[in-house]
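Here's a quick walk through one ligand site and one helix pairing. Have a look at the model first, then read on.

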Amino acid sequence: MSRSTQVHKFGGASLATAEAMAHAVTIVLAHRPAPMVVVVSALAGVTDALLDIATKGPRGGAGAAALRRKHLGVARALFSGARRKDVISRVDEAFADLKVPRKMTPPARDSLLARGEQMSARLFAGALAQAGCPVEYVSATDLIVTDDTFGQASADLARTGRAVRKTLGRLLGRGVVAVVPGFIGATPDGQITTLGRGGSDLTATLLASALGAREVSLWKDVPGVLTADPKVVPDAHVVPQLHAREAAELAYYGAKVLHPRALIPLGKRNIAVRIRPFANPAATGTEISQRSTLRAHPVKAISAIPGQALLTVTGNGMLGVPGIAARTFAAVQHAGVSVSLISQASSEHSICFTVPSGSAERARKSLRETFRREIARREIDGVEVRAGVVAVAIVGLGMAATPGIAARAFTALADAGINVVAIAQGSSELNLSVVVDGRHGAAAQRAVHAAFQLNKVIS
Ligand code: ADP
Ligand code: ASP
Ligand code: MG
């Protein structure tokens, strides 16, 4: 495989119109003749619309008709002559057999969701061909081999690697640009799966890892990874460089700009990920790599997970009893609930953790069942649920060597009149997480952002 290979991914937020698609084509052409793979997301809003159709079942006909019109509109604006006819008939085919079963099973749902990426990648491949570029549409189901966790599938790195090298290696060697729909994979027996919302980022890094690419460019509707979500903190600023561990931490903790698992396929390899502004291709954006830079900035950025509930297991009978934590998390796992933040004081009097609000009741029931006897004996008081909290994560590798970070964060929150409900910090000191009431989520992010002066140019 050639080290000069580039992977470019165009996100749905950027691909909203025919003009946007034409702009993406100019970006690809500007990077020729390097061996190149292009990963394409569904057009803006399409995955949400497909999810809506999946929920409504056969009543979702109007939504399907609107999607067909949307794609035909883009096709008509982009193409002329025989190519227009060809693309239009493909769009028609895709929507003609868009059967929405009465009972939507997880596999049927994933096959339906996959249409968005399949359609936009077809349009993109057509647009590149029209611009005179040698190009081939490659089905993601021939490349990304996953398990059968529909809706949130994990890729099998070894099998994906072999499939990618076999199929794409040949094309890239001939100077052909491969266009691949993002977000989609298939089980070894060929059932279509999806990689979770935002999964096209992961498709791009999976392909880059398999090909030993030099760089992955994720073209976004923002100037790069910013110091906070710009929708919450208006004076958020571009971070020029992040270590992969910092970026992964921000992504896990809710920064939508990067799929939470996108950096996993790259491991510690020297493949840089660039978050680049679609609107300004000449700008450098954010480099995510194995370098540690910006040492003057112990805190690089903040992110937040809204819509959480804080569960607390309390009781005097927990002190020194082995296995309480293990049983707590086993109970949560038994309920099929994923935990994000965990905290226990050394008094061992309580353990608290956050889960998505929608799963809180299920987790609580399972915990009460597990500790039935301890609750009856009053060794455990019960399980408290505090709904509607936000976990704000303060992230930076340099925090480990800098005293006073927590003090600054807590002072800023106190000055803003915001009560801290819970705190967690791993011993790696890469991430300090603070749980606050949901009503104060945005104010808390702005206060912490200001306290670390993240609105100033980081360079
Ligand atoms: P794409 O469709 O290209 O994958 P997304 O919509 O998934 O784009 O991600 C970009 C969005 O992520 C931005 O519009 C922004 O609102 C949000 N976002 C959240 N946190 C950050 C951050 N720290 N930096 C940049 N964008 C962020
Ligand atoms: N289209 C999918 C989504 O909206 C995947 C992606 O955009 O990366 O989640
Ligand atoms: Mg995304």
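A polar contact here is a pair of N or O atoms within 3.5 Å. Keep in mind that this is a predicted model.

## Polar contacts of ligand 2

With that cut-off in hand, start with Glu 117: one of its polar side-chain atoms sits 2.7 Å from a nitrogen atom of ligand 2. The side chain of Thr 47 also joins in, with an N or O atom 2.7 Å from a nitrogen atom of the ligand. Gly 199 uses its backbone instead, placing an N or O atom 3.4 Å from an oxygen atom of ligand 2. On its own, ligand 2 would expose 260 Å², and the protein buries 86% of that.

## Who else is around the ligand

Which residues surround ligand 2? Going along the sequence, you'll meet Ser 41, Ala 42, Thr 47, Glu 117 and Phe 183, then the run Arg 197, Gly 198, Gly 199 and Ser 200. Sorted by class, this shell holds five polar, two nonpolar and two charged residues.

## Where α6 meets α7

Now for the helices. Helix α6 covers residues 157-173 and helix α7 covers residues 200-211; their axes are 8 Å apart and make an angle of about 75°. Angles of 65 to 115 degrees count as roughly perpendicular, so that's the label for α6 and α7.

On the α6 side, the contact is made by Leu 157, Gly 161, Val 164, Arg 165, Leu 168 and Leu 172. Facing them from α7 are Leu 206, Leu 207, Ala 210 and Leu 211. The contact comes out as eight nonpolar residues, one polar and one charged.

How values were computed: Residues are numbered from 1 along each chain as its sequence is written. Chains are lettered from A and ligands numbered from 1 in the order in which they are written. This is a predicted model: local features need pLDDT of at least 70, side-chain atom pairs count only at pLDDT 80 or more; totals for chains, interfaces and linings use all residues. Side-chain values use heavy atoms; hydrogens and water are left out. Axes are lines fitted to C-alpha atoms, for helices over the stretch in contact, and angles run from 0 to 180 degrees between N-to-C directions. Helices (H or I, at least four residues) and strands (E, at least two) are DSSP runs, numbered from the N terminus. Angles under 35 degrees count as roughly parallel, over 145 as roughly antiparallel, 65 to 115 as roughly perpendicular and the rest as oblique. Contact means heavy atoms within 4.5 Å. Ala, Val, Leu, Ile, Met, Phe, Trp, Tyr, Cys and Pro count as nonpolar, Asp, Glu, Lys and Arg as charged, and the others, Gly among them, as polar. A residue is near a molecule or strand if one of its heavy atoms lies within 4 Å of it. A polar contact is a pair of N or O atoms within 3.5 Å; within protein, one must be able to donate a hydrogen and the other to accept it, and residues adjacent in sequence count only if both atoms are side-chain atoms. Accessible areas come from the Shrake-Rupley method with a 1.4 Å probe; for residues, only the protein chains shown count as cover.
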